[in-house]
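Here are some notes for a colleague who is meeting this structure for the first time. They take up one buried side chain and then the surroundings of the ligand.

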Amino acid sequence: MLAAVGAVPRHLFFEPAFEAHAYQDKAFPIGEGQTISQPSMVALQTELLGVQPGHRLLEIGTGSGYQFAVLCQLADNVQSIEFNAVLFERGRQRLAALGLPTAGLHRGDGSLGLPGLAPFDGILVTAGAPALPPALLRQLRIGGRLVVPVGTQDPGQQLLLRITREGPESFLREEFGDCRFVPLRGAAGWQ
Ligand code: SAH
């Protein structure tokens with residue numbers, strides 16, 4: 001998993017003004033008021049998903065495309081949704097230039113998931129939700145995992161959760177400490 005993080009040159013996902021900071025363990029602005037997560041958080045969220053090569057994955061919040069590129073090192077079927085049109089287009093062009101499979105990129109409200117492509121073995125949310133988004137729980141395969149920060153919007157303070165779908169109506173909830181993400185927007189996000 002750490003090899004996957006190491007395989008993706010993070011500076012290519014930065015705005016030119018911040019490129020020199022790309023190898024610090026910090027979050028940085030990517031435009032439109034959004035941020036690229038710090039590498040240790042990308043590594044932790046990826047680790048918690050427990051990805052295997054045959055898995056079908058969904059990321060909510062494509063942003064710069066960095067986390068998507070890391071997931072593409074680990075699995076063949078990776079989908080990602082971005083709400084913001086400017087970031088969607090910028091991310092798509094950047095990932096295409098790097099030779100990554102952009103067919104998995106979608107523009108829309110990821111708080112509703114991608115029902116047409118469900119079920120997923122892993123769903124990774126890279127924005128802070130007010131509560132567990134019900135659509136994402138429904139789109140997990142049995143044994144599938146949802147990794148999501150849940151908490152307050154202002155100040156952005158969340159608890160990193162992993163939800164494992166153990167049966168059709170049974171979910172295991174585990175906590176992995178405090179974190180800070182930009183707010184999740186959309187139907188199951190902050191308005
Ligand atoms: N994974 C990104 C981190 C981006 S920050 C990276 O590696 O760079 C979180 C992103 O979530 C922002 O780009 C924001 O626009 C997006 N976002 C917020 N709410 C969303 C929603 N409901 N659906 C899809 N994307 C959303």
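1. A strand here is a DSSP run of at least two residues, marked E and numbered from the N terminus. With that in mind, Arg 165 can be placed in strand E8, which covers residues 157-167; please remember throughout that the model is predicted.

2. Arg 165 deserves a careful look, since this residue is buried and yet has no salt bridge. The nearest side chain of opposite charge belongs to Glu 169 and is 4.9 Å away, whereas a salt bridge needs a side-chain nitrogen of Lys or Arg within 4 Å of a carboxyl oxygen of Asp or Glu.

3. What does the side chain of Arg 165 reach at 3.5 Å? The partner is the backbone oxygen of Leu 137, and a polar atom of the same Arg 165 side chain also lies 3.1 Å from the backbone oxygen of Arg 138.

4. Leaving aside residues up to four places away in sequence, Arg 165 touches a set of residues that includes Leu 140, Arg 141, Ile 142, Gly 143 and Gly 144, together with Ser 170 and Phe 171.

5. Turning to the ligand, 25 residues surround it, and the closest are Glu 59, Ser 64, Glu 82, Gly 110 and Arg 185.

6. Nitrogen atoms of the ligand take part in several polar contacts: one is 3.0 Å from an N or O atom in the side chain of Asp 109, a backbone N or O atom of Gly 110 lies 2.8 Å from a ligand nitrogen, and a polar backbone atom of Arg 185 is 2.7 Å from a ligand nitrogen. Of the 580 Å² of accessible area that the ligand has on its own, the protein covers 98%.

How values were computed. Residues are numbered from 1 along each chain as its sequence is written. This is a predicted model: local features need pLDDT of at least 70, side-chain atom pairs count only at pLDDT 80 or more; totals for chains, interfaces and linings use all residues. Side-chain values use heavy atoms; hydrogens and water are left out. Helices (H or I, at least four residues) and strands (E, at least two) are DSSP runs, numbered from the N terminus. Buried means under 20% relative accessible area, exposed over 50%, partly exposed in between (1.4 Å probe, protein chains only). Lys and Arg count as positive and Asp and Glu as negative; His and the chain ends are not counted. A polar contact is a pair of N or O atoms within 3.5 Å; within protein, one must be able to donate a hydrogen and the other to accept it, and residues adjacent in sequence count only if both atoms are side-chain atoms. Contact means heavy atoms within 4.5 Å. A residue is near a molecule or strand if one of its heavy atoms lies within 4 Å of it. Accessible areas come from the Shrake-Rupley method with a 1.4 Å probe; for residues, only the protein chains shown count as cover.
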